[in-house]
Amino acid sequence: MKSIRTIAVGLFFAALFSVSAYAQTGATTAAGDKVVVVDTSAFADDKAGITKFNTALKALDAEFQPRRAELQKMTDQFNTLVKDLDTQSKMPAVDPKSLDAKRSQAEVLQTEIKRKTEDAQAAFTRRQQELLGPIYNDIGKAMGDYAVQKGYAMIIDLSKDQNQMVVYTNLAKTDITADFIKFYNARPAGTASTGVPK
């Protein structure tokens, strides 16, 4: 499930919070507004993250578990066939027709695994947008509301997935991650919906 979280968090928050400027956080702008930092990867933390976001991630993971299990079973079958082929090809008295049949079976299985993997990835991307899109929008709106309420001029994302460069920061004074998560989780249910897994 960690890979799903990384993909989900990385794709959205890259677009939502990317800042393409060097910043000395903890400083103030010319107008005196504070610049702070947030680590959006913490939103996906099971215990301390955004509840609605994590609930949707768990639903997404559960929905695609059967496909992952099927692909793993097919991959195991393919690996067994390849191992058998390797073993049989080293035997002195081996039937070439038997080897050809196994090679053909392995090629068909490999093609099927590739096709099913591509189908699963496309379905996952589509379903991820359906489930998480409204939540991403809600988090983005809440981040704006939060910045206005707190009087912040800029919030820079420190998530490792974002490749942001921060020249200097005193995290004790500028990191608002936990405070924003608390703010977001305390809000009444909004327009975002996690949807029902299909």
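A residue is called buried here when its relative accessible area is under 20%. By that criterion, 35% of the 198 residues of the protein, shown as a predicted model, count as buried.

**Figure 1. Overall arrangement of the predicted model, with its five helices and four strands.** Read from the N terminus on, the elements follow the order α-β-β-α-α-β-β-α-α. When contacts in the protein between residues at least 6 apart in sequence are considered, 83% of them join residues at least 24 apart.

**Figure 2. Close-up of the largest nonpolar core, which has 27 residues.** The members that touch the most other members of this core are Phe-43, Phe-53, Ile-155 and Phe-180. Two or more residues are given to the core by each of the elements β2 (34–38), α2 (51–89), α3 (96–150), β3 (152–157) and α5 (177–186), and among these α3 gives the most, with 11 residues. A second core, separate from this one, has 10 residues, including Leu-81, Ala-106, Leu-109 and Ala-120. As background to both views, nonpolar side chains tend to be buried together in soluble globular proteins.

**Figure 3. Close-up of Phe-180 and the residues in contact with it.** With the neighbours within four places in sequence left aside, Phe-180 is in contact with Phe-43, Ile-50, Ile-139, Ala-142, Met-143 and Tyr-146. One of these partners, Ile-139, is found in helix α3 and is buried, with a relative accessible area of 0%. Although Ile-139 and Phe-180 are 41 residues apart along the chain, their C-alpha atoms are separated by 9.9 Å.

**Figure 4. Close-up of helix α5, with its buried and exposed residues.** The buried residues of α5 are Thr-177, Phe-180, Ile-181 and Tyr-184. Seen down the axis of α5, these buried residues fall within an arc of 100 degrees, and they therefore line one face of the helix. The buried residues of α5 pack against β2, α2 and α3, whereas the face of α5 turned away from its buried side carries the exposed residues Ala-178, Lys-182 and Ala-186.

**Figure 5. Close-up of the packing of α2 with α3.** Two packed helices are described by the angle between their axes and the distance between the axes. The axes of α2 and α3 come within 10 Å and cross at roughly 170 degrees; because angles over 145 degrees count as roughly antiparallel, α2 and α3 are described as roughly antiparallel to each other. Classified by residue type, the contact of α2 with α3 has 22 nonpolar, nine polar and 12 charged residues.

**Figure 6. Close-up of Tyr-136 and Asn-79, with a C-alpha separation for each.** Tyr-136 lies in helix α3 and is buried, with a relative accessible area of 5%. The C-alpha atom of Tyr-136 is separated by 8.3 Å from that of Phe-53, although these residues are 83 residues apart along the chain. Asn-79, by contrast, is found in helix α2 and is partly exposed, with a relative accessible area of 43%. Between Asn-79 and Gln-110, which are 31 residues apart along the chain, the C-alpha separation is 9.8 Å.

How values were computed
Residues numbered from 1 in each chain as written. Predicted model: local features only at pLDDT ≥ 70, side-chain atom pairs only at ≥ 80, totals over all residues. Heavy atoms only, no water. Core = buried A, V, L, I, M, F, W, Y, C linked by side-chain atoms within 4.5 Å. Buried < 20%, exposed > 50% of the residue type's maximum accessible area, 1.4 Å probe, protein only. Contact = heavy atoms within 4.5 Å. Arc of directions from axis to C-beta. Axes fitted to C-alpha atoms, helices over the stretch in contact; angles between N-to-C directions. Parallel < 35°, antiparallel > 145°, perpendicular 65-115°, else oblique. Nonpolar A, V, L, I, M, F, W, Y, C, P; charged D, E, K, R; others polar.
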